[in-house]
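Thank you for making time this morning. I would like to walk through one structure with you, beginning with its sheets and ending at its surface.

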Amino acid sequence: MRWHRLFSWALAATASATTAFAQERPSVAPGAHDALVTAGSQAARIGQLWNLTVFICTAVFCAVLLGLVLALWRSGRTREDVPPDLSSIGRHERGPYLSVLWSIGVSIALLLVLIVASVVTDRALARASLADAVNIDVTGHQWWWELTYRGDSPSDNFNAANELHVPVGRPVVVRLKSDDVIHSLWVPSLAGKKDLIPGRTATMNFRADRPGRYRGQCAEFCGYQHAFMAFEVIAETPADYDAWAAAQRRPAAEPADATTRRGRDVFLGSTCIMCHAIEGTIAAARKGPDLSHVGGRSTIAAGTLPNRPAELARWIANPQDFKPGTNMPATPLSSDDMSALVAYLGSLK
Ligand code: CUA
C-alpha cells in the first residue's frame, strides 16, 4: 500500500513539473519538427531515400530470417526414439547451404540498390539550381544563431538572430561558420544536417516550397545548453519576404513615447550595450544577438522562451534561471526601469 502511494505521489510530482516546464517553453506546432514532413525539394529527395532505406532494410531483414528458417527446415531431423546422425557434421548439406547463399545474395543485391540510390540522391542535391539565391551567413555561438543576410551591395546586408526568414520557391545558400565549438544546423523539414566548424566555412543549400514555420535544432552536442539552441525557418511568399527584409534593413524604430524613451536610456546606460547592437543607436557590440528588430521575433534565447513582456523581463533579470551556463549575465533593474526596457525592446519590430 505504501509503495502504491509513493508511486502515485511520484507520478503527480513528475506531471506537475513537466506541465510547469511546458508552460514556460514556446509551443512547437505538430509537424514543425518532423523529418517525415518535407516542405522543400532537397528534403523531399532525402525523404524518398529514407522511405527506400526503410523498405530495403526491412526486405534484407526478411531475407536473412527466411534464409535461417529454410536452412533449419531443410537440415536433417531427428526423433526421440532415433539416435542423432552425427555423420552429417562433416558432410556438406546442400539444402541449408543453398538457403544461406540465397539470403546472402538477395541482401547484397538489395544493399547495392541502396548505394546507387544514395549516390543518385547526393548528385541530385548537388545539382540543385542556385540561380537567384538568397545568401545568408549563419554563425553558431554557444547557444544561439547569428544570421547575416548578404545583399548585392554591403549596404543591403543586415543582421538577425535565431529566426531565418526565407522566400518560398527561391534557393537559399547558407554559409556556415562557428564562433566557438562545433555546432550543426538541422531543419528536418527542409534539408539534411551540416556541421559548423570553428575556423572553417561550409555551405548548404535548401529551398522551401511551402509557406510555414519549420523548427530547427542544433544537432551536435555543443555544451550545457545544446538542447536550447533551437531556431526557426519562416518560409513566406516573396512579397512578404521582401517586406520583411526591407524592414530589417532599416535602423531600429525611434521610441514613440516616454516609456520607450526611458527604456532606450536604460538599455544604453546598462551593461546590455556591452554585448548587443541596436542599429541607429550607439549600441554596436556583436557578442550577443542583434536586437534592432527583436520585437518581431516570436521567441527569445534561441527558442528557449516565448517573446512576451513577462518572460523577457524574467530573462533579463536572471538568464541563468532558464539557461544555466549562458554567457548573458543577470541585469538587476528596478521594476519601473525593467518595464520601460521591456516595452522598448518589444517596440523594435
Ligand atoms: Cu550548438 Cu549543439
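Before I name any element, let me say that helices here are DSSP runs of H or I with at least four residues, that strands are runs of E with at least two, and that both are numbered from the N terminus. Please also keep in mind throughout that this is a predicted model. Under that naming, helix α3 covers residues 94–126, and Val-119 lies within it; I will come back to that residue at the end.

Let me turn to the first of the sheets. Five strands make up an open sheet with mixed pairing, and their order is β3-β2-β1-β5-β8. The edge positions are taken by β3 (158–161) and β8 (202–207), each of which has a single partner strand, so one side of each is left without a neighbour in the sheet. From one strand to the next, the twist averages 25 degrees. Within this sheet, β1 and β5 run parallel and are paired over seven bridges, and if you would like a residue to look at, Asn-135 has Val-173 in β5 as its bridge partner.

The other sheet I want to show is also an open one of five strands with mixed pairing, in the order β4-β10-β9-β6-β7. Here it is β4 (163–167) and β7 (194–196) that stand at the edges, and since each has a single partner strand, one side of each lacks a neighbour in the sheet. The twist in this case averages 25 degrees from one strand to the next. Strands β9 and β10 pair in the antiparallel sense over six bridges, and in that pairing Tyr-214 is found opposite Val-233 in β10, while Arg-213 stands opposite Ile-234, also in β10. Strand β6 (residues 183–186) is joined to β9 by two bridges, again antiparallel, with Trp-186 standing opposite Gln-217 in β9.

That brings me to the charged side chains. How many salt bridges does the structure hold? The count is 11, and I have picked three of them to discuss.

One of them is formed by Asp-137 and Arg-175, whose closest N and O atoms are 3.1 Å apart. This pair links distant parts of the chain, since Asp-137 sits in strand β1 (residues 134–141) and Arg-175 in strand β5 (residues 171–178), 38 residues apart. Is Asp-137 buried or exposed? With a relative accessible area of 6%, Asp-137 is buried, whereas Arg-175, at 30%, counts as partly exposed. The two also belong to a network of salt bridges that links Asp-137, Arg-150, Arg-175 and Lys-177.

Another salt bridge joins the side chains of Arg-213 and Glu-232, at 3.1 Å from N to O. Here too distant parts of the chain are linked, with Arg-213 in strand β9 (residues 212–218) and Glu-232 in strand β10 (residues 230–236), 19 residues apart. Arg-213 is partly exposed at 40% relative accessibility, while Glu-232, at 18%, is buried, the cut-off for that term being under 20%.

In the last of my three, the side chains of Glu-254 and Arg-264 meet at 3.2 Å, N to O. Glu-254 lies in the loop between α4 (238–249) and α5 (258–269), and Arg-264 lies in helix α5, so this salt bridge ties together parts that are 10 residues apart in sequence. Glu-254 is exposed, its relative accessible area being 56%.

Next, the aromatic side chains, where the count comes to five pairs. Among them are Tyr-241 and Trp-244, whose rings are tilted, with 6.1 Å from centre to centre and 35 degrees between the planes. These residues are three apart in helix α4, which means that they are separated by about one helical turn, and both are buried. Tyr-241 and Trp-244 also form one aromatic cluster together with Tyr-149 and Phe-158.

Finally, as promised, the surface and Val-119. Which residues form a nonpolar patch there? They are Val-100, Ile-104, Ile-108, Leu-112, Ile-115 and Val-119, and together they have about 530 Å² of accessible area. Val-119 itself is partly exposed, with a relative accessible area of 46%, and, as I said at the start, Val-119 lies in helix α3.

Conventions: Residues numbered from 1 in each chain as written. Predicted model: local features only at pLDDT ≥ 70, side-chain atom pairs only at ≥ 80, totals over all residues. Heavy atoms only, no water. Patch = residues over 30% accessible without salt bridge, like charges linked within 9 Å, V, L, I, M, F, W, Y side chains within 5 Å. Areas by Shrake-Rupley, 256 points an atom, 1.4 Å probe, with all protein chains shown as cover. Salt bridge = Lys/Arg side-chain N within 4 Å of Asp/Glu carboxyl O. Buried < 20%, exposed > 50% of the residue type's maximum accessible area, 1.4 Å probe, protein only. Pairing = 2+ DSSP bridges. Axes fitted to C-alpha atoms, helices over the stretch in contact; angles between N-to-C directions. Phe/Tyr/Trp six-rings, centres within 6.5 Å; stacked < 30°, edge-to-face > 60°.
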